[in-house]
Amino acid sequence: MHLQRPAPGAEGPYDAAYLPRFEMRLVPAGTPVAAPVAKLGGDPVWLGEPSWPVSPRTGVPLDFIGQFPVPGKPGEEPRMAYLFLSYDDYETGGMDADDGEAVLLVQPGGRIPDFAVIGPPGTTGRSLWAFDAEEELVPVVFRIDFRPVTAEQEAELEEDGILPVDHYMGGRPSYPDWPGYEAPWRFFLKLAHGDGHPYFLNFAYGGGYAYLSPDRLEGRFKWEAA
């Protein structure tokens with residue numbers, strides 16, 4: 001079952017390509033989430049052949065960040081988008097959407113981006129994590145609950161250019177954090193910088209933005225500093 005449907009008339013990343021818009025609320029999962037549902041952390045629940053990306057620069061498997069339902073039309077096969085990012089000395093991959101340090105894969109039937117390097121069969125890596133009180137890395141897992149963004153919240157976006165929710169899917173990206181990415185890629189979702197959130201993602205106090213191709217079979221991810 002699809003949460004969203006493609007919106008008519010969208011041509012690029014600043015349009016509301018997928019509606020309705022949802023706030024994504026993170027709920028700590030007490031047990032592993034092994035179903036093909038929206039989540040951050042844990043292990044990817046593949047809908048196709050496992051395809052874990054590695055860094056083209058170092059060969060180290062990228063960290064699995066989360067999986068998200070891809071918007072679809074009635075009667076279409078459900079798909080999932082899987083986000084992987086590199087991590088090196090407190091730096092999170094994704095400043096460049098095309099260098100292979102940030103990979104957004106769509107399954108089933110999706111295209112692997114030509115810059116992505118997929119590890120050999122059986123490759124796995126870390127999942128999303130946080131620092132504990134002793135500054136040790138600990139894995140974290142969250143279910144994602146979707147709540148429709150209210151009319152009042154949308155009005156704030158129209159008035160002030162800022163949407164007052166941290167993580168959201170659909171609609172258009174909020175100003176001033178509009179990312180510099182070009183058509184025909186279409187805005188899909190935003191994740192917040194890790195400061196103040198129960199995970200570590202270094203987006204330099206900005207936001208991380210996912211995009212889909214017009215046919216929703218290929219993805220991109222890029223973060224922008226505040």
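Proline 108 sits in the loop between β10 (102-107) and β11 (117-118), with strands taken as DSSP runs of E at least two residues long and numbered from the N terminus. The peptide bond leading into proline 108 from glutamine 107 is cis, with omega near -10 degrees. A cis bond also turns up between leucine 19 and proline 20, this time with omega near -5 degrees. Proline 20 belongs to the loop between β2 (18-19) and β3 (22-28). As a bit of background, most peptide bonds are trans, and most residues other than glycine have a negative phi.

A word on the model itself: it is predicted, so local features need pLDDT of at least 70 and side-chain atom pairs count only at pLDDT 80 or more, while totals for chains, interfaces and linings use all residues. Residues are numbered from 1 along each chain as its sequence is written, and side-chain values use heavy atoms, with hydrogens and water left out.

On the phi side, two tyrosines stand out. Tyrosine 90, in the loop between β8 (87-88) and β9 (91-92), has a positive phi of about 70 degrees despite not being a glycine. Its relative accessible area is 46%, which makes tyrosine 90 partly exposed (buried is under 20%, exposed over 50%, partly exposed in between, using a 1.4 Å probe and protein chains only). Tyrosine 205 has a positive phi too, of about 65 degrees, and is found in the loop between β16 and β17 (207-212). At 57% relative accessibility, tyrosine 205 counts as exposed.

Two loop serines are tucked away instead. Serine 51, between β4 (39-41) and β5 (53-54), is buried at a relative accessible area of 10%. A polar atom of the serine 51 side chain lies 2.9 Å from the backbone oxygen of glutamate 49. Once neighbours within four places in sequence are set aside, serine 51 is in contact (heavy atoms within 4.5 Å) with Trp46, Leu105, Gln107 and Ile118. Serine 55 follows in the loop between β5 and β6 (63-69) and is buried as well, with a relative accessible area of 3%. Not counting residues up to four places away in sequence, serine 55 touches Val60, Leu62 and Glu101.

Then there are the aromatics. Rings of Phe, Tyr and Trp (its six-membered ring) pair if their centres lie within 6.5 Å, with planes under 30 degrees apart called stacked, over 60 edge-to-face and the rest tilted. That rule gives 21 aromatic pairs. One of them joins tyrosine 168 and phenylalanine 187, a tilted pair at 5.9 Å centre to centre with 55 degrees between the planes. Tyrosine 168 lies in strand β15 (residues 168-169) and phenylalanine 187 in strand β16 (residues 186-192), so the pair ties together parts that are 19 residues apart in sequence. Tyrosine 168 is buried, at a relative accessible area of 0%, and phenylalanine 187 counts as buried at 0%. Elsewhere, ring pairs link Trp46, Trp52, Phe64, Tyr82 and Phe84 into a cluster; Trp46 is also one of the contacts of serine 51.

Some aromatics face outwards: Tyr14, Tyr175 and Trp178 make a nonpolar surface patch of about 310 Å². Patch residues have over 30% relative accessible area and no salt bridge, with nonpolar side chains (Val, Leu, Ile, Met, Phe, Trp, Tyr) joined within 5 Å and like charges within 9 Å. A salt bridge here is a side-chain nitrogen of Lys or Arg within 4 Å of a carboxyl oxygen of Asp or Glu, and accessible areas come from the Shrake-Rupley method with a 1.4 Å probe. Tyrosine 175 has its place in the loop between β15 and β16.

How values were computed:
Helices (H or I, at least four residues) and strands (E, at least two) are DSSP runs, numbered from the N terminus. A polar contact is a pair of N or O atoms within 3.5 Å; within protein, one must be able to donate a hydrogen and the other to accept it, and residues adjacent in sequence count only if both atoms are side-chain atoms.
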